[in-house]
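Thank you all for making time this morning. Please have a look at the sequence and the model on the screen, and then I will walk you through them.

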Amino acid sequence: QVHLVESGGGLVQTGGSLRLSCAASGRTFSRAVMGWFRQAPGKERKFVASINWGDDSTYYANSVKGRFTISRENAENTVYLQMNSLKPEDTAVYYCAARLITAAAYDYWGQGTQVTVSS
């Protein structure tokens, strides 16, 4: 089992920044993809960004490109999401997720952390 714990959410004004962290414990694997998703009130959960643990390749949703950066720290089994130039529409619960690189879907999820951007 993989256990994921997010932290770093909070309340920020428009234009501000936050950095989310996702600490992974339990079974860890080198051939994994770590992702961030978000779910706004009354809406479906959506993909935000992902990083391939093996080659550091990254992908971003168009809505966050140029503003958010996903990165990882091997030694601490931690993935980060640096969020800059935040907008009210970024308000959501942010979830960390993990899957094997060969898997079609994310198998492991964190409990989520709330990000609120005030206008």
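I will speak about the core, then the salt bridges, then a few single residues, and finally a pocket.

Before that, a word on what we are looking at: this is a predicted model, in which local features need pLDDT of at least 70 and side-chain atom pairs count only at pLDDT 80 or more, while totals for chains, interfaces and linings use all residues. Residues are numbered from 1 along each chain as its sequence is written, and side-chain values use heavy atoms, with hydrogens and water left out.

Let me begin with the core. In soluble globular proteins, nonpolar side chains tend to be buried together. By a nonpolar core I mean a set of buried Ala, Val, Leu, Ile, Met, Phe, Trp, Tyr and Cys residues joined through side-chain atoms within 4.5 Å, where buried means under 20% relative accessible area, exposed means over 50%, and partly exposed lies in between, with a 1.4 Å probe and protein chains only. The largest such core here has 29 residues, and the members that touch the most others are Leu4, Met34, Trp36, Leu81, Met83 and Tyr94. At least two residues of this core come from each of β1 (2-7), β3 (18-26), β4 (32-39), β5 (46-52), β7 (68-73), β8 (78-83), β9 (92-100) and β11 (113-118); strands, like helices, are DSSP runs numbered from the N terminus, with at least two residues of E for a strand and at least four of H or I for a helix.

What does Leu81 touch, once its neighbours within four places in sequence are left aside? Taking contact to mean heavy atoms within 4.5 Å, the partners of Leu81 include Leu18, Leu20, Trp36, Val48, Phe68, Ile70 and Tyr94. Val79, which also lies in strand β8, is buried with a relative accessible area of 1%, and with the same neighbours set aside, its contacts include Cys22, Met34, Trp36, Ile51, Trp53 and Arg72. Val79 and Trp53 are 26 residues apart in sequence, and their C-alpha atoms are 9.4 Å apart in space.

Now to the charged side chains. Side chains of opposite charge can pair when their charged atoms come close. The structure holds three salt bridges, a salt bridge being a side-chain nitrogen of Lys or Arg within 4 Å of a carboxyl oxygen of Asp or Glu.

One of them joins Arg38 and Asp90, with the closest N and O atoms 2.9 Å apart. This pair links distant parts of the chain, since Arg38 sits in strand β4 and Asp90 in the loop between β8 and β9, 52 residues apart. Arg38 counts as buried at 14% relative accessibility, and Asp90 is buried too, at 0%.

Another brings Arg67 and Asp90 together at 2.7 Å, N to O; Arg67 belongs to the loop between β6 and β7, 23 residues from Asp90 along the chain. Both Arg67 and Asp90 are buried. Through shared partners, Arg38, Arg67 and Asp90 are joined into one network of salt bridges.

The remaining bridge is between Asp56 and Arg72, at 2.5 Å from N to O. Asp56 lies in the loop between β5 and β6 (58-60), and Arg72 is in strand β7, 16 residues apart.

Asp56 deserves a second look, as its phi is positive, about 65°, although it is not a glycine. Asp56 is partly exposed, with a relative accessible area of 40%. Ser85, in the loop between β8 and β9, likewise is a residue other than glycine with a positive phi, near 50°, and Ser85 is partly exposed at 41%.

Is Gly66 buried or exposed? Gly66, found in the loop between β6 and β7, counts as exposed, at 83% relative accessibility. Its C-alpha atom is separated by 26 Å from that of Arg31, 35 residues away along the chain.

Finally, the pocket. On a 1 Å grid over the protein atoms alone, a pocket is an open set of points where a 1.4 Å probe fits, with protein on both sides within 12 Å along at least five of seven lines, and its lining residues have an atom within 4 Å of a point. The largest pocket holds about 210 Å³ of space, a volume being the space filled by probe spheres set on the points, which are joined across faces, edges and corners. Of its 13 lining residues, those closest to the centre are Arg38, Ala40, Lys43, Lys46 and Glu89. The largest share of the lining, three residues, comes from β5.
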